[in-house]
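User: Please take a close look at the salt bridges in this model. I would like them set against the fold, the disulfides and the nonpolar cores.

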Amino acid sequence: MVLAVLLPAMVPAQAAEPYAADAQACDAAGSAEACARAGDFLWHHNGTKNLARCLESGEELCVRPAETRVTAIRRIDRAAYKFHDKACAGDNAESCNRAGVFHAVQYGGAGDEDTAAREARDAELRFAKACKLGSQEGCRNVGSTRPLKR
């Protein structure tokens, strides 16, 4: 499975403004396009080496007071996943693929057989939907996780 390489870069405050509008539109109206853009913003800006400490509560792309950098990255990944999964429900092909990648990563790090099987199944469902909706990357990812058999 091919995962996007994230390049280190600071996220200027102006870049976060469209994210806030998209996140709000996603939450309020369930717009698949807005959900996909909000998820993409987090997806592309997460994991930067320059992830700074949060200055205000409610900020997403930063390390909160009680978090480590790794914990912050995981929180941001979950937030991006939620946006992409909502966009996937609205038939956004690339968001289905990205939601599948999130589950595939969880599958790879699962500590028990039941969790691994569930994550693999969830990844494959999203990859299959992404492929059906026209995502070439989604089609390439189909079969990349195999649910464990008991």
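Analyst: Start with the fold. From the N terminus on, the elements of the protein chain run α-α-α-α-α-α. That makes six helices and zero strands. Keep in mind that this is a predicted model. The protein chain has 150 residues, of which 38% count as buried. Its accessible surface comes to about 8700 Å². Carbon and sulfur atoms hold 54% of that surface. Take the contacts between residues at least 6 apart in sequence: 56% of them join residues at least 24 apart.

Now the salt bridges. Side chains of opposite charge can pair when their charged atoms come close. The structure holds eight such bridges. Three of them are traced here.

One of the bridges pairs D22 with R37, at 3.0 Å from N to O. This pair links distant parts of the chain: D22 belongs to helix α1 (residues 13–29), and R37 to helix α2 (residues 32–45). The two positions are 15 residues apart. How exposed are the partners? D22 has a relative accessible area of 12%, so it counts as buried under the 20% cut-off. R37 has 44%, which means partly exposed, since the value lies between 20% and 50%.

Another bridge joins E60 and R75, with the closest N and O atoms 3.3 Å apart. It too links distant parts of the chain. E60 sits in the loop between α2 and α3 (69–89), while R75 is in helix α3. Again the spacing is 15 residues. R75 is buried, at 11% relative accessibility. This pair does not stand alone: E60, R64, E67 and R75 are linked in a network of salt bridges.

A further bridge runs between R126 and D85. The closest N and O atoms are 2.6 Å apart. R126 lies in helix α5 (residues 113–132) and D85 in helix α3, with their positions 41 residues apart in sequence numbering. R126 has 16% relative accessibility, so it is buried under the 20% cut-off. D85 stands at 21% and counts as partly exposed, because that value is not under 20%.

Next, the disulfides. A disulfide is a covalent bond between the sulfur atoms of two cysteines. The whole structure has four. Counting the bonded cysteines along the chain, the pattern is 1-2, 3-4, 5-6, 7-8.

C26 is joined to C35, S to S 1.9 Å. The torsion about this S-S bond of C26 and C35 is about 90 degrees, so the disulfide is right-handed. C26 is buried at 0% relative accessibility, and C35 is buried at 0% as well. By numbering, C26 falls within the range of helix α1, which also holds D22, and C35 within that of helix α2, which holds R37.

C54 and C62 form another disulfide, with their sulfur atoms 1.9 Å apart. The torsion about the S-S bond is 90 degrees, and the link of C54 and C62 is right-handed. Both cysteines, C54 and C62, are buried.

C88 bonds to C96, the sulfur atoms being 2.1 Å apart. Here the value about the S-S bond is 100 degrees, and the link of C88 and C96 is right-handed. C88 is buried, at 5% relative accessibility. C96 is buried too, at 0%.

Last, the nonpolar cores. In soluble globular proteins, nonpolar side chains tend to be buried together. In this model the largest nonpolar core has 18 residues. Y19, L42, L51 and F83 are those with the most contacts inside it. The elements giving two or more residues to this core are α1, α2 and α3. Helix α3 supplies the largest share, seven residues.

Look at L42 in particular. Leaving aside residues up to four places away in sequence, L42 touches Y19, E60, L61, I76, A79, A80 and F83. Among these contacts is E60, the partner of R75 in the salt bridge described above. Y19 and F83, also touched by L42, are likewise among the residues with the most contacts inside the core. Apart from this core lies another, of five residues, among them W43, V101, A123 and F127.

To pull the thread together: helix α3 holds R75, holds D85 and gives the largest share of the largest nonpolar core.

Methods
Residues are numbered from 1 along each chain as its sequence is written. This is a predicted model: local features need pLDDT of at least 70, side-chain atom pairs count only at pLDDT 80 or more; totals for chains, interfaces and linings use all residues. Side-chain values use heavy atoms; hydrogens and water are left out. A salt bridge is a side-chain nitrogen of Lys or Arg within 4 Å of a carboxyl oxygen of Asp or Glu. Helices (H or I, at least four residues) and strands (E, at least two) are DSSP runs, numbered from the N terminus. Buried means under 20% relative accessible area, exposed over 50%, partly exposed in between (1.4 Å probe, protein chains only). A disulfide is a pair of cysteine sulfur atoms within 2.5 Å. Contact means heavy atoms within 4.5 Å. Accessible areas come from the Shrake-Rupley method with a 1.4 Å probe; for residues, only the protein chains shown count as cover. A nonpolar core is a set of buried Ala, Val, Leu, Ile, Met, Phe, Trp, Tyr and Cys residues joined through side-chain atoms within 4.5 Å.
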